[in-house]
Amino acid sequence: MKKYILGLMIFSMNFFFFFSQPDTNDYTRQWQLIDSLIAEKNLPKTALKKVNELYALAVKTDNETQAIKALLYKISLSAQTDETDINNTIALIKKEIGNTSSPAHQSLLYLLVAHTYQNYADEHSWNIYNRSSTKKFAKNDIATWGADDFTTAVNEAFDKALANGAVLKKTLLKPFEAVILKGNSENLRPTLYDLVAHDALDHYKNANNYITGPAYAFEINKEVALGVVERFTNYGFASADTASNLLKALQLFQQLIRFHRSDAEPSAFIDVNLERIQWVYETGVMQNKELLYTRALDEVTTKYADHPVAAQAWYIKAQAHASKAKMYKPFADTANRYHFVLAKQLIEERLKAQPAVSPGNTNMQMLLQEITAKSLHAEVEDVNVPGLPFRLSLHYKNTDTLYTRIIKKAGNNSEENEMQNWEEGFWKKIANLKYIRSAVQPLPATNDYQQHSTEIKVDALPPGNYYILGSIGKNFI
């Protein structure tokens, strides 16, 4: 069941269909029984029978919310019990669409159609991709469709879901609280249009969903796509490749930004614009992409510097520094060596200026932990010559001291050899063993939060087997 309720109908920003609040006590009892048959007793066929009864009751009493809920259960349970196929599933959903006069319910059901087609195509891709186009044939059996057929059907379903956009934009989420679970970002999806549009957008942003691109396939190569928001919103993107998912995504971003650009509370506007900036940066092939990216982010952080939603823009800027820092190569490309320092400085300044809880601040805190985390990794040859000093290769990050202990291994029958080094408590046990030598080795200061390497001399040891323990703390635990 969760395959369809959660996997099929998930929306961005923690919005998704979740039918846990029935309209009456009678429905409550019925759904509790059905859920117990599924989750506790593993009786999907019995549960399906109960769902069919509840579906018939909901249709008879014009309870569209409960009908949609029952429909999702029917689809999922039928799939589990092998009592349906893709043709029957689509027919069932379309029948429900014909039975409702509510634009909101029609839009939600068309989303279900789109996801049903796409899920089937994904699950049978190994077979579908090998079929030739069936353009000249009657396609009454969905199971015989080719890749282009599914692409067309999915896109048409999303188009129909968005067809009542004017109504959806005026439809707040409160009337649908029984069938929509709102996450912690309700202000980012204030209307049903936002839910539907972002669900479609998630599909169109994936260029792989557009399976057989033509020779003139659309590319995001115009600088305006990554330009400041006003230029982007007013530009007329067009292409001979009108079916392109990339083109549809750009146009849908424009529609969402226009819808929210005059909002008194700019959270939804900032959020969708940032999503646009990141996606175009990752997808686009225009020149000067780095410069355009920086300018677009600067526009957000300048105009909405301390807005909690804009914290994500500050995080993206810090992440850009971190990405550059990771390109640092000692003795080769050192140009980006200190970008972790810049990222850390930016994060600390922003968390101090705007400490309110937000996804962006959470992301910055996690990035800060990653940058400042200490690490130590050492390697020695498995076999070294007794009586001669040897080298220990050390890789370290954010630490200035190496503590070492050398422990002579006990015989084969000792307690320490009864454990494997991946077992919990192994190294704690080893660290508590008596050691024959210890040392404190200062490490070269770096102040750049990068990983560095060095070699350390280990004085000669007599024949035998040894543990060499290294630690960033003197307690070794």
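Is Asp-306 buried, partly exposed or exposed? With a relative accessibility of 44%, Asp-306 counts as partly exposed. That value, like the others here, comes from a predicted model, so let us use this residue as a way in.

Asp-306 has a charged partner: Arg-350 forms a salt bridge with it, and the closest N and O atoms are 2.6 Å apart. The two come from distant parts of the chain, 44 residues apart. Arg-350 belongs to helix 16 (residues 339-353), while Asp-306 sits in the loop between helix 14 (289-303) and helix 15 (311-325). Arg-350 has a relative accessibility of 12% and therefore counts as buried, since the cut-off for buried is under 20%.

A second salt bridge reaches further along the sequence. Arg-337 pairs with Asp-448, again with 2.6 Å between the closest N and O atoms. Because Arg-337 lies in the loop between helix 15 and helix 16, and Asp-448 in the loop between strand 6 (437-442) and strand 7, this pair ties together parts that are 111 residues apart in sequence. Here the acid is the buried partner: Asp-448 has a relative accessible area of 0%. Arg-337, at 23%, counts as partly exposed.

A third pair joins Glu-275 to Lys-205, at 2.8 Å from N to O. Glu-275 is in helix 13 (residues 267-283), and Lys-205 is in the loop between helix 10 and helix 11 (229-234), 70 residues apart. Glu-275 is buried at 14% relative accessibility, whereas Lys-205 is partly exposed at 22%. The count for the model comes to 10 salt bridges.

Now for the nonpolar interior. In soluble globular proteins, nonpolar side chains tend to be buried together. The largest nonpolar core in this model has 105 residues, and those with the most contacts inside it are Tyr-117, Ile-220 and Leu-250. Helix 6 gives the most to this core, with 11 residues. Apart from that core lies another, of 11 residues, including Leu-443, Ile-456, Val-458 and Tyr-466. To see the surroundings of Leu-250, look beyond its neighbours within four places in sequence: it is in contact with Phe-218, Ile-220, Ala-225, Phe-232, Phe-237, Trp-279 and Val-280.

Helix 6 (residues 103-123) also holds a polar residue worth a look, Ser-107. Ser-107 is buried, at 0% relative accessibility. Setting aside neighbours within four places in sequence, Ser-107 is in contact with Ala-161, Asn-164, Leu-168 and Val-196.

Another buried residue is Arg-189, at 2% relative accessibility. Arg-189 is in the loop between strand 2 (180-181) and helix 10 (192-204), and its side chain makes a polar contact of 3.4 Å with the side chain of His-198.

For a contrast, turn to Lys-50 in helix 3 (residues 44-60). At 28% relative accessibility, Lys-50 counts as partly exposed. Beyond neighbours within four places in sequence, Lys-50 is in contact with Leu-33, Ile-34 and Leu-37. Between Lys-50 and Leu-33, the C-alpha to C-alpha distance is 8.7 Å, with 17 residues separating them in sequence.

Finally, follow the strands. Strand 3 (residues 375-379) and strand 4 (residues 390-397) pair in the antiparallel sense over 5 bridges; His-377 has His-395 of strand 4 as its bridge partner. Strand 4 is also joined to strand 7 (residues 451-458), antiparallel, by 8 bridges. In that pairing, Tyr-396 stands opposite His-452 in strand 7.

Conventions
Residues are numbered from 1 along each chain as its sequence is written. This is a predicted model: local features need pLDDT of at least 70, side-chain atom pairs count only at pLDDT 80 or more; totals for chains, interfaces and linings use all residues. Side-chain values use heavy atoms; hydrogens and water are left out. Helices (H or I, at least four residues) and strands (E, at least two) are DSSP runs, numbered from the N terminus. Buried means under 20% relative accessible area, exposed over 50%, partly exposed in between (1.4 Å probe, protein chains only). Contact means heavy atoms within 4.5 Å. A polar contact is a pair of N or O atoms within 3.5 Å; within protein, one must be able to donate a hydrogen and the other to accept it, and residues adjacent in sequence count only if both atoms are side-chain atoms. Two strands pair if DSSP finds at least two bridges between them. A nonpolar core is a set of buried Ala, Val, Leu, Ile, Met, Phe, Trp, Tyr and Cys residues joined through side-chain atoms within 4.5 Å. A salt bridge is a side-chain nitrogen of Lys or Arg within 4 Å of a carboxyl oxygen of Asp or Glu.
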